[in-house]
Amino acid sequence: MRPKSGGLQPAIELAALAQVNPRQLWVVVPAKVVDEWGDNFAKTQSEMRSFIRSVQDGLEALKAASAALEIPEPPSVRLPEGILLGGLSAVAQRLFDAAIVLDVHEEARRRAGIRFSLEEPPARKGSPPNDCIIVEHCLELAVALKAVHYSPPCVFVSSNTNYYCQGRGLHPDLQRSFQDANLQFAPNLAAAKSILGV
């Protein structure tokens, strides 16, 4: 739901694939993601509301500048803040509601604690251990799926590239774990959709 170009259509399409019967896509989230959703959804809505208003203010400023410079003014545009925010929230909620929630896995929690204490990515100095808990639970699932010869691609999606990436790719400290688990990384839903081939 954050204001990034190109992210909405893949979210709509992936949510639809996860909600059809039979499912064509399985969305899985660790329990920690459910906690973060509850903690951050209202904040993200507020950020989106501020973004819509800043765009509206920018459009008005451009219109005023055009008038002052005596050049043709762009047409007035009123962004439907409530409709936009409601629609974006609904898409995010649909994708979230389609998810299966992973139970807490003690071995994954133990590995997350080690990763966090060693400040290995996605751990960052001063950050909470949430991302370590999330990634270790996803790796645990991917390894289990690999063991039963599950063949479709498994994709871990996070826009938090500051924590997970180095340069344009997955951080080298994470690459081996992801490769061993047959887990691929995507920085957004568009990239995930491309990897999945859907």
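The following exchange concerns a predicted model of a protein.

Reader: How do you know what the overall secondary structure of the protein is?

Author: The assignment gives eight helices and six strands. Along the sequence they follow the pattern α-β-α-α-β-α-α-β-α-β-β-α-β-α. The C-alpha atoms fill a box of roughly 70 × 45 × 30 Å along the principal axes.

Reader: What makes the span of helix H2 close to the expected one?

Author: Helix H2 covers residues 31-68, which is 38 residues, and reaches 55 Å from its first C-alpha to its last. The expected span is 1.5 Å times one less than the number of residues, and for H2 that comes to 56 Å. The two values are therefore close.

Reader: Where does H2 bend, and what is meant by the bend?

Author: H2 bends by about 45° at Asn40. The bend is the angle between two fitted axes, one for the seven residues ending at a residue and one for the seven starting there.

Reader: Why are certain residues of H2 called buried, and which helix do they pack against?

Author: A residue is called buried because its relative accessible area is under 20%. In H2 this applies to Phe41, Thr44, Met48, Ile52, Gln56 and Ser66. These buried residues pack against helix H3 (81-97). In general, an α-helix has 3.6 residues a turn, so residues three or four places apart point the same way. Across the protein, buried residues make up 30% of the 198 residues.

Reader: Why is Glu119 called partly exposed, whereas His149 is called exposed?

Author: Exposed means over 50% relative accessible area, and partly exposed lies between that value and the 20% cut-off for buried. Glu119 has 42% relative accessibility, so Glu119 counts as partly exposed. His149 has a relative accessible area of 70%, so His149 is exposed.

Reader: What is the sign of phi in these two residues, and where do they lie?

Author: Glu119 has a positive phi of about 55° although it is not a glycine, and Glu119 is found in the loop between H4 and H5. His149, also a residue other than glycine, has a positive phi near 65°; His149 lies in the loop between H5 and strand S3 (154-157).

Reader: Which peptide bonds are called cis, and what is omega in each?

Author: One cis peptide bond joins Asn21 and Pro22, with omega about 5°. Pro22 is in the loop between helix H1 (8-19) and strand S1 (28-30). Another cis peptide bond joins Pro121 and Pro122, with omega about 10°. Pro122 lies in the loop between helix H4 (106-117) and helix H5 (130-147).

Technical notes. Residues are numbered from 1 along each chain as its sequence is written. This is a predicted model: local features need pLDDT of at least 70, side-chain atom pairs count only at pLDDT 80 or more; totals for chains, interfaces and linings use all residues. Side-chain values use heavy atoms; hydrogens and water are left out. Helices (H or I, at least four residues) and strands (E, at least two) are DSSP runs, numbered from the N terminus. Buried means under 20% relative accessible area, exposed over 50%, partly exposed in between (1.4 Å probe, protein chains only). Contact means heavy atoms within 4.5 Å.
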